[in-house]
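Here's a small set of exercises to work through with the viewer open. Try each task before you read its solution.

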Amino acid sequence: MAQNDQLHRYLFKNHAVRGELVTVSDTWQQIIENHDYPLPVRNILGELLVATSLLTATLKFAGDITVQLQGDGPLTMAVINGNNLQQMRGVARFKDTVPENATLKQLVGNGYLVITITPSEGERYQGVVGLEGETLAECLEDYFMRSEQLPTRMFIRLGEADGKPAAGGMLLQVMPAQETNADDFSHLATLTETIKAEELLTLPANDVLWRLYHEEEVVIYEPQAVEFKCTCSRERCASVLQTLDQSEVDTILAEDGEIDMHCDYCGSHYRFSPQDILDIRSNNADPAPNIH
């Protein structure tokens with residue numbers, strides 16, 4: 001029985017190590033359902049989604065994280081955006097031909113990983129990570145060691161649950177400003193690495209943690225729901241239209257009879273008639289909803 005999308009945080013009583021466990025299967029399905037992605041592209045979005053959820057859970061403030069792959073390979077761009085409320089959205093762009101069993105490096109080619117952290121209050125931070133590792137998880141582990149000097153292990157699993165695509169993952173990290181024995185962290189990581197996709201994607205979190213760490217004392221906290229949520233809106237589209245050159249907008253209206261603005265993330269269309277455009281320009285009315 002597949003689990004609802006949830007993030008669980010946990011601590012080890014006898015080690016200065018914290019952990020996270022997340023399942024994001026429904027969210028992943030919603031991200032890919034309006035797109036005709038080849039399997040390798042779908043899978044990399046699933047991995048990015050798991051990773052972004054785990055990274056977002058490391059934030060100690062309200063804000064967003066965007067994790068983006070860019071390169072000159074068949075997959076030109078894949079991005080997941082999430083926030084501290086575990087609200088996720090994502091999209092990918094790819095060339096016509098995507099090798100069926102492509103590795104990360106074959107998909108992205110000469111590329112890199114960009115991690116952008118945007119607090120609701122405070123400075124925006126951006127880190128660029130070379131694709132040194134063979135997997136996305138290895139690249140992100142490298143990022144933590146380089147940027148924060150925190151030993152971190154990430155485990156991402158893709159599979160199926162109830163006949164549908166399913167994704168989940170786990171993260172282990174040495175707690176900042178606390179000392180832990182390197183052998184202890186390595187031991188916990190070795191235990192965590194044994195998690196099978198079927199177990200992670202179908203069993204309750206408590207059962208997974210018991211199977212992995214039954215000889216350890218683990219404190220698990222209340223879960224946080226993970227969900228797909230797009231931030232697009234008719235109002236945002238209207239604001240964008242206000243910034244465009246009026247002659248350009250008028251040309252599109254003359255050719256097409258309306259302005260059709262499409263959201264890549266969720267597939268929504270926001271249509272604006274000539275009268276809607278007049279209302280936006282005069283700023284004296286709120287266009288009637290027209291979403292498909």
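**Exercise 1: Charges over rings**

The charged end of Arg89 sits over the ring of Tyr265, 4.0 Å from its centre. This is a predicted model, so keep that in mind throughout.

Task: find the ring whose face Arg234 lies over, and give the distance to the ring centre.

Solution:
- Start at Arg234 and look for the ring of Phe272.
- Arg234 lies over the face of Phe272, and the distance to the ring centre is 4.1 Å.

**Exercise 2: An aromatic cluster**

Task: classify the ring pairs Tyr10–Tyr213 and Phe12–Tyr213, then say which parts of the chain they link.

Solution:
- Begin with the total: the chain has 5 aromatic pairs.
- For Tyr10 and Tyr213, the ring centres are 5.8 Å apart and the planes meet at 40°, so this pair is tilted.
- Now place the two residues. Tyr10 belongs to strand E1 (residues 6–12) and Tyr213 to helix H7 (residues 205–213), so the pair ties together parts that are 203 residues apart in sequence.
- Both Tyr10 and Tyr213 are buried.
- For Phe12 and Tyr213, the centres are 4.9 Å apart and the planes are at 80°; planes over 60 degrees apart count as edge-to-face, so this pair is edge-to-face.
- Phe12 is in strand E1 and Tyr213 in helix H7, 201 residues apart, so here too the pair links distant parts of the chain.
- Check burial with numbers: Phe12 has a relative accessible area of 4%, and Tyr213 has 1%. Buried means under 20%, so Phe12 and Tyr213 both count as buried.
- Put it together: Tyr10, Phe12 and Tyr213 form one aromatic cluster.

**Exercise 3: A glutamine in a strand**

Task: decide whether Gln173 is buried or exposed, and find the polar partner of its side chain.

Solution:
- Locate Gln173 first: it lies in strand E9 (residues 164–174).
- Its relative accessible area is 3%, so Gln173 is buried.
- The side chain of Gln173 makes a polar contact with the side chain of Thr152, at 3.0 Å.
- Leave aside neighbours within four places in sequence, and the residues in contact with Gln173 include Ala16, Val17, Arg18, Thr58, Phe144 and Phe185. Leu150, Pro151 and Thr152 are also among them.

**Exercise 4: One face of a helix**

Task: work out where the buried residues of helix H10 fall around its axis, and what covers them.

Solution:
- List the buried residues of H10 (residues 274–282): Asp276, Ile277, Asp279 and Ile280.
- Look down the axis of H10. The buried residues fall within an arc of 160°, so they line one face of the helix.
- Their cover includes helices H8 (234–243) and H9 (246–256), along with strands E13 (259–262) and E14 (269–272).
- Step past the end of the helix: H10 is followed by Asn283, which has a positive phi, near 60°.

**Exercise 5: The whole chain, and how far to trust it**

Task: sum up the fold and pick out where pLDDT stays under 50.

Solution:
- The chain has 10 helices and 14 strands, and 48% of its 292 residues count as buried.
- Among contacts with a separation of 6 or more, 61% come from residues 24 or more positions apart.
- The average pLDDT is 88, with 96% of the residues scoring at least 70.
- The stretch to flag is residues 284–292, where pLDDT stays under 50. For this stretch the model has 19 contacts beyond four places in sequence.

Definitions and conventions. Residues are numbered from 1 along each chain as its sequence is written. Side-chain values use heavy atoms; hydrogens and water are left out. Buried means under 20% relative accessible area, exposed over 50%, partly exposed in between (1.4 Å probe, protein chains only). Helices (H or I, at least four residues) and strands (E, at least two) are DSSP runs, numbered from the N terminus. The arc is that of the directions from the helix axis to the C-beta atoms. Contact means heavy atoms within 4.5 Å. A polar contact is a pair of N or O atoms within 3.5 Å; within protein, one must be able to donate a hydrogen and the other to accept it, and residues adjacent in sequence count only if both atoms are side-chain atoms. pLDDT is the predictor's confidence in each residue, from 0 to 100. Rings of Phe, Tyr and Trp (its six-membered ring) pair if their centres lie within 6.5 Å; planes under 30 degrees apart count as stacked, over 60 as edge-to-face and the rest as tilted. A charge sits over a ring if NZ of Lys or CZ of Arg is within 6 Å of the ring centre and within 35 degrees of the ring normal.
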